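Here is a briefing on a two-chain model. Please keep the sequence and structure in view while reading.

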Amino acid sequence: MFRRPDNSAHERNMPRLPGGFSLPPFGLHQWLALIIVCIALWAIGLLWLGLQAGSSWTQGWRADIRFHVYLEKAGNGRVQDLAEKLKTVPGVGAVRIVPQNETRAWLNDWLGGGGHMPDDLLAALPASIEVTPGARSGEFLYADLADAARAFGGSVNRGEAHLVQAQSMLAHVEQMLWFGTLVMALAMVIVISNTLRMTLLARADEIQLMRLLGAGEWFVRMPFLLEGGLLGAGAGALSWLLLWPPLFAVGDWLAQLDADVSGFALFLPLIVGGALVGCLGALLATTRLASENTATA
Amino acid sequence: MIQMNRLMLRYPTGKTALSGMTMNIEKGRFAYLTGESGAGKSSLLRCLYGGVRPSSGQLSVQGVDVRRAGQGQIRRLRRDIGIIFQDHRLLFSRTVFENVALPLRVQGWKPDRLVARAEKVLEFVGLKDRLWSFPEALSGGEQQRVAIARAMSTKPPLILADEPTGNLDIDTARHVMDYLMELNRQGSTVIMATHDLHLLDTHPGDIFRLHAGALAEELHLVSGGARPAQQGEAHVPQT
């Protein structure tokens with residue numbers, strides 16, 4: 001009845017999804033967006049890994065950081081006086097004089113647990129006072145403790161003070177990193193949005209046809225939201241894979257520092273974060289689709 | 001099915017496409033909109049599916065007041081209308097199946113029913129074996145038949161066809177008309193804009209001749225003989 005041209009040899013063969021649907025076209029724009037978002041997520045991932053390493057190195061997981069104040073060759077009276085003085089320092093939660101047998105046990109452990117501790121070594125050890133910072137301890141706590149100890153001829157353990165200062169600094173760095181992550185996320189949303197805008201232009205006929213067939217707002221938007229989400233999640237997965245080479249490269253150095261860093265911890269944040277910025281980008285790109293679908297003459 | 005009274009359509013450019021159109025099209029009819037280019041055929045069809053809102057007058061399509069209907073009402077109206085365009089508007093990046101299944105998806109059909117339904121309507125137009133082809137691999141006539149399959153896939157009570165045979169040779173055009181006539185016999189109201197008047201010899205129907213945006217002549221097909229003229233109506237004998 002109808003003449004049928006023999007052009008089956010020229011027919012395209014495209015991979016099909018379950019249900020018979022074709023995969024959406026994935027062109028140069030999508031590849032570029034994928035690479036840009038991947039690089040951005042990779043950079044963010046590296047920064048967070050760095051923070052993770054720093055936090056591990058400074059024992060950021062410890063909530064029980066305490067200062068130790070030492071007093072050389074002091075009688076019990078002076079130690080007691082210094083302890084009372086330390087209790088009056090603003091920001092101090094608790095003060096405890098460390099008993100000598102506790103010091104002996106700690107030193108024994110530190111020396112390898114030989115069991116025999118020379119008396120002259122024990123006698124040479126300074127008296128030790130343990131200060132627990134209170135909930136409202138400020139950044140001047142170390143300086144105040146040092147002043148109080150100096151008045152009695154004592155000193156504060158500097159290593160512990162540096163640890164606390166480093167932790168405080170890392171807390172600031174974390175805040176800045178959150179801000180940077182938000183800025184980068186915004187940039188990624190815009191990149192994906194622009195990419196999908198180009199896709200929207202390329203598929204304007206399809207959108208108009210959907211409208212003519214009576215499609216609702218979300219029916220038209222959904223393919224683009226899915227595309228944005230998948231693009232973002234794909235970029236997240238790729239960036240996660242790219243985190244491993246640098247992790248392996250600095251693995252020995254991290255081990256020396258005793259810094260425990262886990263790349264797996266960033267798997268879900270990168271993929272979910274990527275999908276989220278992808279969906280937000282798609283929402284932004286399809287905002288104008290929400291305009292009226294009929295003209296008023 | 002369709003009632004309009006003093007329908008007027010003026011585009012934002014200032015051009016008046018329809019001026020005081022008054023006509024009724026009953027359910028189950030096969031109606032031709034004829035007239036010269038620019039007479040208002042396509043504009044009238046656009047009004048019927050809510051593509052443009054009339055500037056004044058009244059237009060009711062399947063009980064929906066197109067002029068005052070909200071977006072949701074227009075969407076629901078469109079789901080009850082099958083539209084066939086002169087340039088068929090197939091999606092060339094999608095397979096024939098996806099093109100035919102698009103109205104079904106819009107109406108929320110379950111995915112597992114789509115292939116069976118698409119096969120059925122493609123069988124009606126003789127293209128069942130091209131389900132997974134892309135439109136670019138089809139001839140012009142085949143593409144138009146896919147467009148017909150798409151328009152009929154949801155069994156709409158109203159089919160609007162805007163010069164569906166405009167780009168086809170005479171033989172292919174007649175076959176396309178056969179399909180539209182068959183849809184009409186199955187109960188769909190068909191309204192077709194055309195200036196291909198020789199098709200009317202072999203595929204008769206009511207004729208609404210437009211001129212300069214107004215109804216110039218109205219000829220009603222009468223089964224088994226001519227219907228008496230009513231207020232200036234003329235008749236087209238059934239062949």
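Strand β1 of chain B (residues 2-10) pairs with β5(B) in the antiparallel sense, over 5 bridges. One residue pair fixes the register: B:M4 has B:L59 of β5(B) as its bridge partner. Note that this is a predicted model.

**The sheet in chain B**

- The two strands belong to an open sheet of 4 strands in chain B, in the order β2-β1-β5-β6, with antiparallel pairing.
- Which strands are at the edges? They are β2 (16-25) and β6 of chain B, each of which pairs on one side only.
- In a regular strand, side chains alternate between the two faces of the sheet.

**Helix α2 of chain B**

- Which residues of helix α2 of chain B are buried? In this helix, which covers residues 71-79, they are B:I74, B:R75, B:L77 and B:R78.
- These residues lie on the same side of α2(B), because they cover an arc of only 160° around the axis.
- What do the buried residues of α2(B) pack against? Within chain B, their partners are β5 (56-61), β6 (64-65) and β7 (81-84).
- A further partner comes from chain A: the buried residues of α2(B) also pack against α7 (204-212) of that chain.
- Strand β5(B) thus appears twice: it pairs with β1 of chain B, and it is packed against by the buried residues of α2(B).

**Chain B overall**

- Chain B has 7 helices and 12 strands.
- Its radius of gyration is 18 Å, close to the 18 Å that the globule rule gives for 239 residues, so chain B is as compact as a globular protein of that length.
- The C-alpha trace of chain B spans about 50 × 40 × 30 Å along its principal axes.
- Buried residues account for 46% of the 239 residues in chain B.
- Among chain B contacts with a separation of 6 or more, 65% are between residues 24 or more positions apart.

**Strand β3 of chain A**

- Strand β3 of chain A spans residues 127-133, and 5 of its 7 residues are buried, so the strand is largely enclosed by the rest of the structure.
- One neighbour is β1 of chain A (residues 67-71), which runs antiparallel to β3(A) and is joined to it by 5 bridges.
- In that pairing, A:H68 has A:E130 of β3(A) as its bridge partner.
- Another neighbour is β2 of chain A (residues 92-97), which pairs with β3(A) in the antiparallel sense over 5 bridges.
- Here A:V92 stands opposite A:P133 in β3(A).

**Chain A overall**

- Chain A holds 10 helices and 5 strands.
- Of its 297 residues, 27% are buried.
- For contacts in chain A between residues at least 6 apart in sequence, 84% join residues at least 24 apart.
- Chain A is divided into domain 1 (27-60 + 167-290) and domain 2 (73-153).
- How far apart are the centres of domain 1 and domain 2 of chain A? Taken over C-alpha atoms, 49 Å separate them.

**Confidence in chain A**

- The mean pLDDT of chain A is 83, and 88% of the residues score at least 70.
- Where in chain A is confidence highest, and where lowest? It is highest in helix α10 (residues 267-285), at 94, and lowest in strand β5 (residues 295-296), at a mean of 45.
- The pLDDT is below 50 over residues 291-297 of chain A. Beyond near neighbours in sequence, this stretch has 18 contacts in the model.

Note on methods
Residues numbered from 1 in each chain as written. Chains lettered and ligands numbered in written order. Predicted model: local features only at pLDDT ≥ 70, side-chain atom pairs only at ≥ 80, totals over all residues. Buried ≥ 20, exposed ≤ 12 C-beta atoms within 10 Å, placed from the backbone. Arc of directions from axis to C-beta. Contact = placed C-beta atoms within 7 Å. Pairing = 2+ DSSP bridges. pLDDT = per-residue confidence, 0-100. Rg over C-alpha atoms; globule rule 2.2 N^0.38 Å. Domains from an automatic or database assignment.
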